[in-house]
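Here are some exercises to work through with the structure open beside you. Try each task before reading its solution.

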Amino acid sequence: MSKIIIVYLCIMYNLAKLLTDEPEKLERLIILFLKLLITFTATALVFGYDISISSLIDNPIPKTYSASKLVYFFTSLILIWFFLWSVVAELILYELPVWLCSRTGDKRRTLLEMLHILDVIKMNSLFTDKPIIRPGKYIIPFTEVLKEQQESRFIDKSTSRLRQYYIISIATFILLLLVKDITLSCGKIIGCVLLILLLFKVCVYFNKMKSYINDNSEELIREFEPMSYSRKVHSAIRENKTISENYQLPQSGWGKEVINLKPEISELLPTRKYFPKQIKFIPAFHWNNTLGQELMMDGLSKRSKKDVNLDCLTLFISNISPTDTMSAMVMSQKSIVYIYANSEEEIFSGLEEAFFKIKKQNFNKEITNGGSV
């Protein structure tokens with residue numbers, strides 16, 4: 001009895017360790033165990049062997065079975081495993097219907113809907129043909145995954161898990177309909193069918209996503225990286241102590257933003273001349289540095305011809321490296337600061353340096369002549 005208890009405790013300890021340290025291995029172990037049970041039950045049904053837990057414990061090998069019958073039974077078990085999971089489940093129940101359904105519909109639309117659900121992006125409406133896309137909470141990690149070309153591994157991993165859930169669910173459901181000792185009610189049958197259809201739909205969605213991302217990875221990077229960069233800029237703005245203490249923080253979370261001094265700080269302006277009344281943040285990202293430099297110089301040239309509000313500091317934050325001509329244009333204009341930064345850490349450091357200079361110098365006398373960081 002003590003040996004049984006020790007064995008039981010060892011098993012429970014290993015299961016608990018798998019559950020806490022390596023849950024994915026435990027998940028694969030459970031799926032493998034379910035596949036084995038389903039295969040063994042299917043084989044027993046074929047051979048007319050009355051399988052039960054008590055019979056397996058009391059008499060795991062029937063006395064009437066000869067060695068040749070056992071070889072025949074386990075050989076059949078292997079063949080049925082291969083046929084059941086490789087042919088019926090993988091090919092007929094999964095690959096063929098998922099492939100057929102994935103050929104229909106708009107793959108890009110499917111990707112955008114899934115990214116909206118996962119909070120990677122936000123769309124103004126799921127029912128318009130050309131929705132307005134805004135960055136979501138997870139736009140930065142998703143873009144980094146795209147850039148590092150790890151999205152296929154992530155989607156393959158997710159698709160593989162969904163595939164297993166779908167296959168196990170439909171195989172278990174079919175088996176429960178065939179066995180005699182279990183009778184499913186009408187409500188349970190409808191519930192199982194709805195669950196299987198839901199898993200199948202998600203499998204189709206992930207297959208469409210994988211196909212579209214693999215075919216359009218470069219275009220997606222160019223589309224989402226500017227939004228990711230803008231999100232980094234706004235995150236750095238919120239983390240800047242000087243801005244958060246003295247200015248009303250931006251609400252949109254991306255794109256151009258004009259922030260104003262808090263009312264209680266505006267009253268102190270006669271003694272705090274280094275604070276501009278407004279700050280206009282302009283995130284400027286471009287995947288092509290040379291082309292970005294040309295566009296930036298055009299923008300600076302147009303700005304130089306307009307009347308500039310001296311109480312408003314325009315702060316360009318860009319991944320475009322400034323040329324000597326750009327630096328000269330920045331220095332020649334009023335109320336402008338240019339921060340060159342690629343990562344979120346560099347953006348944060350650039351803001352810290354910019355506001356250190358603003359506080360150190362008089363805004364109306366020095367910063368109005370332009371500056372770069």
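The exercises below concern a predicted model, and each is followed by a worked solution.

**Exercise 1. Describe the chain as a whole: its secondary structure, its burial and its surface.**

Start with the secondary structure, which comes to 14 helices and seven strands. Next, look at burial: of the 373 residues in the chain, 38% are buried. Then turn to the surface. The chain exposes about 22400 Å², and carbon and sulfur atoms supply 61% of that area. Finally, consider the contacts with a separation of 6 or more: residues 24 or more positions apart account for 64% of them.

**Exercise 2. Find the largest nonpolar core and say which elements supply it.**

Begin with the members. The largest nonpolar core has 41 residues, and Ile121, Tyr166 and Phe224 touch the most other members. Now assign the core to elements: those that each supply at least two residues include helix H2, helix H4 (67–102), strand S1 (121–123), helix H7 (151–178) and helix H9 (217–239). Which helix gives the most to this core? H8 does, with nine residues.

Take tyrosine 166 for a closer view. Leaving aside residues up to four places away in sequence, tyrosine 166 touches Leu93, Tyr94, Ile196, Leu199, Phe200 and Cys203. Apart from this core lies another, of 23 residues, among them Ala236, Leu261, Leu315 and Ile358.

**Exercise 3. Decide whether serine 228 and lysine 208 are buried or exposed, and list what they touch.**

First, locate the two residues: serine 228 is found in helix H9, and lysine 208 in helix H8. Second, apply the cut-off, since buried means under 20% relative accessible area. Serine 228 has 1% relative accessibility, so this serine counts as buried. Lysine 208, with a relative accessible area of 8%, is buried as well.

Third, list the contacts, again not counting residues up to four places away in sequence. Serine 228 touches Ile139, Ile140 and Thr143. Lysine 208 touches Cys101, Ser102, Thr104, Gly105, Lys107 and Thr110.

As a last step, check a C-alpha distance: lysine 208 and arginine 103 are 105 residues apart along the chain, and their C-alpha atoms are separated by 8.3 Å.

**Exercise 4. Trace the strand pairing from S3 to S6, with a bridge partner for each step.**

Step one goes from strand S3 (residues 257–260) to S4: four bridges join these strands, which run antiparallel. Valine 258 has lysine 280 in S4 as its bridge partner.

Step two goes from S4 to strand S5 (residues 312–318), where the pairing is parallel over seven bridges. Here isoleucine 279 has leucine 313 in S5 as its bridge partner.

Step three goes from S5 to S6, also in the parallel sense, over five bridges. Phenylalanine 316 is partnered by tyrosine 338 in S6.

Now ask about cover. Why is S4 described as largely enclosed by the rest of the structure? Because five of the seven residues of S4 (residues 278–284) are buried. Strand S6 (residues 336–340) is mostly covered, with four of its five residues buried.

**Exercise 5. Identify a nonpolar patch on the surface and place one of its residues.**

Look for the nonpolar side chains first: Ile30, Phe33, Leu34 and Leu37 make a surface patch of about 350 Å². Then place phenylalanine 33, which lies in helix H2 (residues 23–47).

Definitions and conventions
Residues are numbered from 1 along each chain as its sequence is written. This is a predicted model: local features need pLDDT of at least 70, side-chain atom pairs count only at pLDDT 80 or more; totals for chains, interfaces and linings use all residues. Side-chain values use heavy atoms; hydrogens and water are left out. Patches are made of residues with over 30% relative accessible area and no salt bridge: like charges are joined within 9 Å, nonpolar side chains (Val, Leu, Ile, Met, Phe, Trp, Tyr) within 5 Å. Accessible areas come from the Shrake-Rupley method with a 1.4 Å probe; for residues, only the protein chains shown count as cover. A salt bridge is a side-chain nitrogen of Lys or Arg within 4 Å of a carboxyl oxygen of Asp or Glu. Buried means under 20% relative accessible area, exposed over 50%, partly exposed in between (1.4 Å probe, protein chains only). Contact means heavy atoms within 4.5 Å. A nonpolar core is a set of buried Ala, Val, Leu, Ile, Met, Phe, Trp, Tyr and Cys residues joined through side-chain atoms within 4.5 Å. Two strands pair if DSSP finds at least two bridges between them.
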